[in-house]
Structures are given as structure tokens and as C-alpha cells.
Amino acid sequence: MFERLRELRKEKGLTCEDMAKLLGLGTKAAYSKKELGRTKFTLEDARKISCVFGKDIDDIFFADEVSFQDT
């Protein structure tokens with residue numbers, strides 16, 4: 001999930017600072033923690049990100065693949 005989000009952000013030409021502003025976070029480090037999986041995204045965060053990238057929340061935040069560990 002986090003790799004997909006990073007790819008989409010870079011494809012769109014957005015920085016972590018841009019994403020932090022979009023989500024109303026105080027610093028780019030606050031967003032970086034979310035993108036690295038250290039802090040969780042809220043549903044409202046997911047909605048905003050979904051709108052920016054023009055993709056469904058599922059396509060961004062939920063992988064199609066099931067890992068061996070998940071089975």
C-alpha cells in the first residue's frame with residue numbers, strides 16, 4: 001500500500017510537503033510518517049487522497065494481492 005501511494009504521489013509531481021498541506025498536517029514529516037506506515041491514515045485522509053489521485057480508496061490503500069503470510 002505505501003509503495004503504491006508513494007508512486008502515485010510522485011507520478012502526480014507532489015511532494016510530502018504538498019501532501020501534508022492537503023491533509024492539513026503541520027509538517028511534511030507528519031505526512032512522511034503516514035506514508036512510511038508509522039502513523040495511520042484516517043478515513044478523511046483517505047478520501048482526500050482518493051480525490052487528488054482520482055482513484056478509489058480501495059485502489060490506493062488495499063492491495064489486490066494476498067501474501068503467503070495472509071493465507
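# Five helices and what they bury

User: Let's start with the cysteines: is Cys-51 buried or exposed?

Analyst: Keep in mind that this is a predicted model. Cys-51 has a relative accessibility of 68%. The cut-off for that top class is over 50%, so Cys-51 counts as exposed.

User: And Cys-16, is that one buried or exposed?

Analyst: For Cys-16 the relative accessible area comes out at 17%. Buried means under 20%, so Cys-16 is buried.

User: How many disulfides does the structure hold?

Analyst: A disulfide would need a pair of cysteine sulfur atoms within 2.5 Å. The count for this structure is zero.

User: What's the order of elements along the chain?

Analyst: There are five helices here and zero strands. Reading from the N terminus on, the elements run α-α-α-α-α.

User: How do α1 and α3 pack: oblique or roughly parallel?

Analyst: Helix α3 covers residues 28-35, and its axis sits 9 Å from that of α1. The angle between the two is about 135 degrees. Over 145 would count as roughly antiparallel and 65 to 115 as roughly perpendicular, so the α1 and α3 pair is oblique.

User: Which residues of α3 meet α1?

Analyst: On the α1 side, the residues involved are Phe-2, Leu-5, Arg-6 and Arg-9. Their partners in α3 are Tyr-31, Lys-34 and Glu-35.

User: Two arginines in that list, then. Is Arg-9 buried or exposed?

Analyst: Arg-9 belongs to helix α1, which spans residues 2-11. Beyond its sequence neighbours up to four places away, Arg-9 touches Leu-14, Thr-15, Cys-16, Met-19, Tyr-31, Glu-35 and Phe-53. With a relative accessible area of 7%, against a limit of under 20%, Arg-9 is buried.

User: What about Arg-6, buried or partly exposed?

Analyst: Arg-6 lies in helix α1 too. Not counting residues up to four places away in sequence, Arg-6 touches Glu-35 and Leu-36. Its relative accessible area is 25%, and buried would need a value under 20%, so Arg-6 is partly exposed.

User: How far apart in space are Arg-6 and Ile-60?

Analyst: In sequence, 54 residues separate Arg-6 and Ile-60. C-alpha to C-alpha, the distance in space is 9.9 Å.

User: What is the relative accessible area of Lys-34?

Analyst: Lys-34 is found in helix α3. Leaving aside neighbours within four places in sequence, its contacts are Phe-2, Leu-25, Thr-39, Lys-40, Phe-41, Thr-42 and Asp-45. Lys-34 is buried, and the relative accessible area is 6%.

User: Now the nonpolar core: which element gives the largest share of it?

Analyst: The largest nonpolar core has 13 residues, and those with the most contacts inside it include Leu-5, Tyr-31, Phe-53 and Ile-60. Two or more residues each come from α1, α2 (16-23), α4 (43-53) and α5 (57-61). The largest share, four residues, comes from α2.

User: Which residues does Ile-60 touch, leaving out those up to four places away in sequence?

Analyst: Ile-60 is among the core residues with the most contacts inside the core. Its partners include Met-1, Arg-4, Leu-5 and Leu-8. The others are Ile-49, Ser-50, Phe-53 and Lys-55.

User: What share of the exposed area do carbon and sulfur atoms supply?

Analyst: Of the 71 residues of the chain, 25% count as buried. The chain exposes about 5,100 Å². Carbon and sulfur atoms supply 50% of that area.

Methods:
Residues numbered from 1 in each chain as written. Predicted model: local features only at pLDDT ≥ 70, side-chain atom pairs only at ≥ 80, totals over all residues. Heavy atoms only, no water. Buried < 20%, exposed > 50% of the residue type's maximum accessible area, 1.4 Å probe, protein only. Contact = heavy atoms within 4.5 Å. Core = buried A, V, L, I, M, F, W, Y, C linked by side-chain atoms within 4.5 Å. Areas by Shrake-Rupley, 256 points an atom, 1.4 Å probe, with all protein chains shown as cover. Axes fitted to C-alpha atoms, helices over the stretch in contact; angles between N-to-C directions. Parallel < 35°, antiparallel > 145°, perpendicular 65-115°, else oblique.
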